[in-house]
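Have a look at the chain below and turn it around a few times. Then read on for a short tour of its bends, strands and helices.

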Amino acid sequence: MRIPSPRSPLVHALGYGLAVLLAPVLLAGCSPADPHAAGPAAPGASGSAAATPSAMSSSAAAPPAASPAITSAAPSARGRTSAAPAPTPTPDPPGSTAPAPPPAASAPGGTTSIVYRAASAGRTVALTFDDGPSQYTGQILDLLAQYGAHATFCQIGPQASARPAAVKRVLAEGHRLCDHTVHHPQPMHTLSHERQAYEIAAAKEMIGEAGGPGTEVAWFRAPGGDFSAENRLIAVQHGMRPLGWSVDTRDWSRPGVASIVAAVQHGLRPGGVVLMHDGGGDRSQTVAALRQLLPWLTTHGYTFDFPAT
Ligand SMILES: [Zn+2]
């Protein structure tokens, strides 16, 4: 079976058209439906306010209706890659902890294991921002520049296409990019292999086109942390390492600036990867929290790093 080429103008147009049509729904549901806390926090990671029932209740608003076209997986599409075992079709209920990811497999170009740590040893931190670029990305970049901090931005393909200047600025100011799919499908692992491949490959292409020639996208982060052996292998086949996190600020749920700050101050350990969001809704709390966190991190001797690759 042939995978529709992400470069196919028809597929591209259809995909983008779908994204545009669904954008209000997807974006409206992106944050509440983005149960990142159920995702791949590092084993033993602390600092995640993850399992508070009140916070998770907002996950019940997950908009499955937002992606009917995306989830129409043809059963025959499975199994086309023998190296990628079919994922468990049962999605986690809201509030559950993430299942242990399948063991890493070797793949051309890298390992499919999820990275939970910064690249360098020592008192380092890798800040990551998901679901952008958006109107808030510029404010976050301003703050990062003020403190000489670097971060990694996990972008959604059509949003990168819509805001190429923001993507170029991310690169120009020394930050790095991560693929966060085309449509932010949740769950992702239940989609057909072809749809998952499209979500990953087309988003990387959109981000690359927005960033310009030579743009590198070194990581892939599944929406909601819904990694599977299948989508991790697809990512590696496209030159990207699956990226998790060790500190979940739950900023997408707008828990209050103090809560976001506390999640980092209490949960971060040297070498940690912090999950925040520069898109998917009103991110003013994230911006305000970052304004406190950057001086705190600096004062406490942290240096800003990228995730391991
Ligand atoms: Zn996301």
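## Two cis prolines

Pro133 sits in the loop that links β3 (124-132) to α4 (137-146). The peptide bond leading into this proline, from Gly132 to Pro133, is cis, with omega near 0 degrees. A second cis bond runs from Gln186 to Pro187, with omega near -5 degrees. Pro187 belongs to the loop between β5 (176-179) and α7 (193-211). About those labels: helices (H or I, at least four residues) and strands (E, at least two) are DSSP runs, numbered from the N terminus.

Before going further, note that this is a predicted model, where local features need pLDDT of at least 70, side-chain atom pairs count only at pLDDT 80 or more, and totals for chains, interfaces and linings use all residues. Residues are numbered from 1 along each chain as its sequence is written, and side-chain values use heavy atoms, leaving out hydrogens and water.

## Unusual backbone angles

Asp131 is not a glycine, yet its phi is positive, at about 75 degrees. You'll find Asp131 in strand β3, and it is buried, with a relative accessible area of 0%. (Buried means under 20% relative accessible area, exposed over 50%, and partly exposed in between, using a 1.4 Å probe and protein chains only.)

Arg250 is another non-glycine with a positive phi, this time about 50 degrees. Its place is the loop between β8 (247-248) and α9 (257-267), and Arg250 is buried too, with a relative accessible area of 2%.

## The nonpolar cores

Which residues have the most contacts inside the largest nonpolar core? They are Leu127, Phe129, Leu144, Phe153, Leu290 and Leu297, in a core of 45 residues. Helix α10 (residues 284-299) gives the most to this core, with seven residues. A second, separate core has twelve residues, including Val115, Leu243, Phe306 and Ala308. (A nonpolar core is a set of buried Ala, Val, Leu, Ile, Met, Phe, Trp, Tyr and Cys residues joined through side-chain atoms within 4.5 Å.)

Try zooming in on Phe153. Leaving aside neighbours within four places in sequence, the residues in contact with Phe153 include Phe129, Ile140, Leu144, Val170 and Leu177. Contact here means heavy atoms within 4.5 Å.

## Strand β9 and its partners

Six of the six residues of β9 (residues 272-277) are buried, so this strand is largely enclosed by the rest of the structure. In a regular strand the side chains alternate between the two faces of the sheet. Here Gly272, Val274 and Met276 are buried on one side, and Val273, Leu275 and His277 on the other.

β9 pairs with β3 in the parallel sense over six bridges, with Val125 opposite Gly272. β8 also runs parallel to β9, joined to it by two bridges, and Asp248 stands opposite Leu275. Going from β8 through α9 to β9, the chain makes a right-handed β-α-β crossover. (Two strands pair if DSSP finds at least two bridges between them; a crossover is right-handed if, with the strands pointing away from the viewer, the path from the first strand over the helix to the second runs clockwise.)

## Two sides of α4

Is Leu141 in α4 buried or exposed? It is buried, along with Thr137, Ile140, Leu143 and Leu144. These five cover an arc of only 160 degrees around the axis, which puts them on the same side of α4. (The arc is that of the directions from the helix axis to the C-beta atoms.)

The face of α4 turned away from that side carries the exposed residues Ala145 and Gln146. What covers the buried residues of α4 includes β3, β4 (151-155), α6 (164-172), β9 and α10. Just after α4, Gly148 takes a positive phi of about 60 degrees.
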